[in-house]
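The following report sets out selected features of a protein model. It should be read alongside the sequence and the coordinates.

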Amino acid sequence: MCIRSCFQSSCLQWVWRTAFLKHTQRRHQVAHRWTHLGGSTYRAVIFDMGGVLIPSPGRVAAEWEVQNHIPSGTILKALMEGGENGPWMRFMRAEISAEKFLWEFGRLCSEMSKTSVPVDSFFSLLTSERVKQFPVMTEAITQIRAKGLQTAVLSNNFYLPNQKSFLPLDRKQFDVVVESCVEGICKPDPRIYKLCLERLGLQPSESIFLDDLGPNLKAAANLGIHTIKVNDPETAVKELEALLGFTLSIGIPNTRPVRKTMEIPKDSLEKYLKDLLGIQTTGPLELLQFDHGQSNPTYYIRLANRDLVLRKKPPGTLLPSAHAIEREFRIMKALANAGVPVPNVLDLCEDSSVVGTPFYVMEYCPGLIYKDPSLPGLEPSQRRAIYTAMNTVLCKIHSVDPQAVGLEDYGKQGDYIPRQVQTWVKQYRASETSTISAMERLIEWLPLHFPRQQRTTVVHGDFRLDNLLFHSEKPEVLAVLDWELSTLGDPLADVAYSCLAHYLPSSFPVLRGFNDCDLTQLGIPTAEEYFRMYCLQMGLPPTENWNFYMAFSFFRVAAILQGVYKRSLTGQASSANAEQTGKLTEFVSNLAWDFAVKEGFRVFKEMPIKNPLTKSFHTCARTQSQWIPTGTRSYSSILEASPVHTSKGGLVISPEGLSSPVRELYHRLKHFMEQHVYPAETELQSHQASAARWSPSPLIEDLKEKAKAEGLWNLFLPLEADPEKKYGAGLTNMEYAHLCELMGTSLYAPEICNCSAPDTGNMELLVRYGTEAQKARWLIPLLEGKARSCFAMTEPQVASSDATNIEASIREEDSFYVINGHKWWITGILDPRCQLCVFMGKTDPHAPRHQQQSVLLVPMDTPGIKIIRPLTVYGLEDAPGGHGEVQFEHVRVPKENMVLGPGRGFEIAQGRLGPGRIHHCMRLIGFSERALALMKARVKSRVAFGKPLVEQGTMLADIAQSRVEIEQARLLVLRAAHLMDLAGNKAAALDIAMIKMVAPSMASRVIDRAIQAFGAAGLSNDYPLAQFFTWARALRFADGPDEVHRATVAKLELKHSA
């Protein structure tokens, strides 16, 4: 309802392209049109696909490069590389597979840009299902065929990975389809044109060929085919009309033939209009449907030189109080005299016998509707002017005196937000098709957080950029459209609603946004700037509870989308694409919940310190990762799963087998690694070797903020430890294992995503065993990434692999515990951000063996903690956290810092280590995958003894052995994670011990083979292999040495056999 352009035929600015991109042609002074002087009656029109029938990817390449921080022109240069023998042309002739093309194309892009380029992401955009044919071309083809001419498509295209050719067109539109990948021939090879003509059964002079590339047109003209150069589809259609001698386009933008389910009786409508307008002339009534308008079907009418717009209620049973076209008519008539730009309304007809439902008629007003809020094609100054004009007209609406224009009874005075919430809850309940957990939470949360003070003005109710009609030559709003939801209410609801695009990504299939774009570069005001602009014009102070208004706005959108979806199930929705909303309602409701959580944080900050934890500290899991908004402040960054997404599912051995939200999260993490982490490794490694190494790298801190913004933060906490998802992401151990492996391909990624040891184990310890006060003091700063921690257990005097050997003492004294002990290999203790030491020592040496130990939370600024020295691992210091040898001398800690209670230390340590071992093992598999990838690239590029290393038998054997060992280890680790999810850590003890035996040794062997392939370079810091090897070897001690795990496996095996 009222989301007019949610499901428009998407005029995307990107798509499939032929051999070279349009930008290339601008550098060649080709003639606008290649012609053939001989002529005869035209009997066919042949269309190229990319740039003619569907949009060119030239723009998306440029925009995609900006959004992904890839040097401008990289994609274009890579596509052109090699000419006829380049990977792009070979791909379109089906000489190489999609996988082979993407590998070669990615290598070219990365070499040219000197950074990692995620070509998979670009290829996904080019082949997206959202690619739609230009409406003007669809209409032209319909008209051409209606006149008895043949149509053909002649395209350079390729096979998708599923072995289907990429042709996102309705093949029924064409008599002949010729595809380069099928024929093994590409334009401009004359043979492919001749093949097309042969199948049409025509001579060259009997056909017209449309293409956007000069070489392709020239080749066709040389054969005698008439040609049209396509720079703009609408201009090309006009030129085609001149050649054919009949009309091809309907001339009204954003219209289409009336959908079958939306047809209305023309005869009764024509009689009504003639009576209304006093028209006596004869002539057919032209009727088209606008391709926007989700709520009330909207039609263009031309009758006796009058251009009109009819807007009606949809057919069928409607939700209560919805589709109030009567209110639209009334308010536009009233506001016309108050300086607010609105269409000129003519009449309201409530007689359903005319067109089936009540409707009103207004004059058609030509102008521009900007469907894409990022305003492509405009200059930054023009974009800012458009948004300033939008803001100004909103202020005009809110400045109208309702009584002065006769609207004092247009809505109730006061309590607008409570009434709106009640209304939208009812609307949602009436259209509910399944339970959406975020909607249930919002329905409970919103009434508890209503604003205390609200102004009352005229409100539009659906104020967005694409509901405004702009002047074609200047930034002036000619008309505000779509007043169905207007009433008297809180104007801040309009302001928030007008900022929806700021929080939605450009890839969102409805209500397209721009939160993944650089607004400074675009010239578009941020949401904060837009709000300040509004407050300044209205003379108001900024509101503090902005997040509430955003939560409410997205809640409304979710309810609207659910209504559209419900109507689509019965064929009532006015857009052909309305069925998409079924899977989007949950996403938008989760986004609304994100803002609710932000509002909770604001309230939390203002609460007295004595009651710090009365709000939830999590953000629930989104179902569509590519739509995650940036800038979301949360402790965990993904959303609560759908009902089918539970921890009790089957074993998933590939990321592609994960549930949709987790799979999308995986791909988002992969993209983040390629875009931000891998390119930063050289600088981060240099910092670790510099004089400033004991201070955190500013780049790390910057990347952390990026990870938070992209929803890649605190992914580690297992669902079973945090079932309410107050603190974590709600992933199962098995789901996180896949993400952990991916993070393990870089030494720095775990910290960047706040998923690094020992913090992860300590945070889980606090979640599982900490008191609310302990969580408030220590857990929250760790979850926010504002602090780091360490775990002090290992001691130099005893074999600490047996935790019961621990000798450090914890002695009770008054209201304190006094610690004395000597610890070493305390990872992270040298980091200046380290604020907490989780200390394990003995409280009662005479208690049963496994009840002697206790765990204390020790603030690092407590007197008596003395760092003796940093320790190195194979000479590596691992700055800035390092590994310290530390003396604790009479360290006094308050009794409330005891975890669980005296004698519970061994239990806590065992509970802490289970998931941690999974994390270590999956990171080791990540090490191994990266090492193998580097090894494969190395042996392909190096020659020794007269032939490439890749052809040496020993290298092939090493590669094969590494692949087998990685796959074996991964399956074992995933099985252990799955068993932990199904039966708990204790039941999975055998599997956990086995993976800790297998993974470090496997990684050491795989990395060692890679080092061997690199030669001396593998030992250097030029590659991550040396560090990978160091930590793989060290992890044969960490969390228990191999021998302990072997003993555990043997004992459990013998027990099982008995």
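## Burial and helix H31

A residue is termed buried when its relative accessible area is under 20%, exposed when that area is over 50%, and partly exposed in between. The model discussed here is predicted.

Under that definition, helix H31, which spans residues 1025-1034, is mostly covered, with seven of its 10 residues buried. The buried residues of H31 are Leu1025, Ala1026, Gln1027, Phe1028, Thr1030, Trp1031 and Ala1032.

## The six-stranded sheet

An open sheet is built from six strands, arranged in the order S6-S7-S8-S9-S11-S10 with antiparallel pairing. Strand S6 (255-256) and strand S10 (345-349) occupy the edges; each has a single partner strand, so one side of each is left without a neighbour in the sheet. At the S6 edge, the antiparallel pairing of S6 with strand S7 (residues 286-290) rests on two bridges. Within this pairing, Thr255 is found opposite Phe290 of S7.

Further along the sheet, S8 and S9 run antiparallel and are joined by six bridges. Arg302 has Asp307 in S9 as its bridge partner. These two strands, S8 and S9, make a hairpin with two residues between them, and Ala304 in the turn has a positive phi of about 50°. Strand S9 also pairs with S11, in the antiparallel sense, through five bridges. Here Arg311 stands opposite Tyr360 of S11. Strand S9 is mostly covered, five of its seven residues being buried.

## Helices packed on the sheet

Helix H12 (residues 266-277) lies across five strands of the sheet, namely S7, strand S8 (298-303), strand S9 (306-312), S10 and strand S11 (359-363), and runs at about 65° to S8. Helix H13 (residues 325-335) also packs on the sheet, where it touches S9, S10 and S11. The direction of H13 makes about 150° with that of S10.

## Salt bridges

The model contains 59 salt bridges. One of these links Asp462 to Arg464, with the closest N and O atoms 2.6 Å apart. Asp462 and Arg464 are both buried. Elsewhere, a network of salt bridges links Glu701, Lys704, Glu751, Asp759, Arg788, Asp831 and Arg833.

Which acidic residues does Arg1046 bridge to in helix H32? One partner is Asp1042, for which the closest N and O atoms are 3.9 Å apart. Another is Glu1043, for which the corresponding distance is 4.0 Å. Arg1046 and Asp1042 are four residues apart in helix H32 (residues 1042-1057), and therefore about one helical turn separates them. Glu1043 and Arg1046, three residues apart in helix H32, are likewise separated by about one helical turn. In general, an α-helix has 3.6 residues a turn, so residues three or four places apart point the same way.

The three residues fall into separate accessibility classes. Asp1042 is buried because its relative accessible area is 2%. Arg1046 counts as partly exposed because its relative accessibility is 41%. Glu1043 is exposed because its relative accessible area is 51%.

## The loop between H21 and H22

Leu651 is located in the loop that joins helix H21 (581-606) to helix H22 (660-688). Its relative accessible area is 37%, so Leu651 is classed as partly exposed. Together with Ile653 and Leu971, Leu651 forms a nonpolar patch on the surface, and the accessible area of the three residues together is about 260 Å².

Ser654 also belongs to the loop between H21 and H22. Ser654 is partly exposed because its relative accessibility is 31%. Although Ser654 and Leu974 lie 320 residues apart along the chain, their C-alpha atoms are separated by 9.8 Å.

Definitions and conventions. Residues numbered from 1 in each chain as written. Predicted model: local features only at pLDDT ≥ 70, side-chain atom pairs only at ≥ 80, totals over all residues. Heavy atoms only, no water. Patch = residues over 30% accessible without salt bridge, like charges linked within 9 Å, V, L, I, M, F, W, Y side chains within 5 Å. Areas by Shrake-Rupley, 256 points an atom, 1.4 Å probe, with all protein chains shown as cover. Salt bridge = Lys/Arg side-chain N within 4 Å of Asp/Glu carboxyl O. Buried < 20%, exposed > 50% of the residue type's maximum accessible area, 1.4 Å probe, protein only. Pairing = 2+ DSSP bridges. Contact = heavy atoms within 4.5 Å. Axes fitted to C-alpha atoms, helices over the stretch in contact; angles between N-to-C directions.
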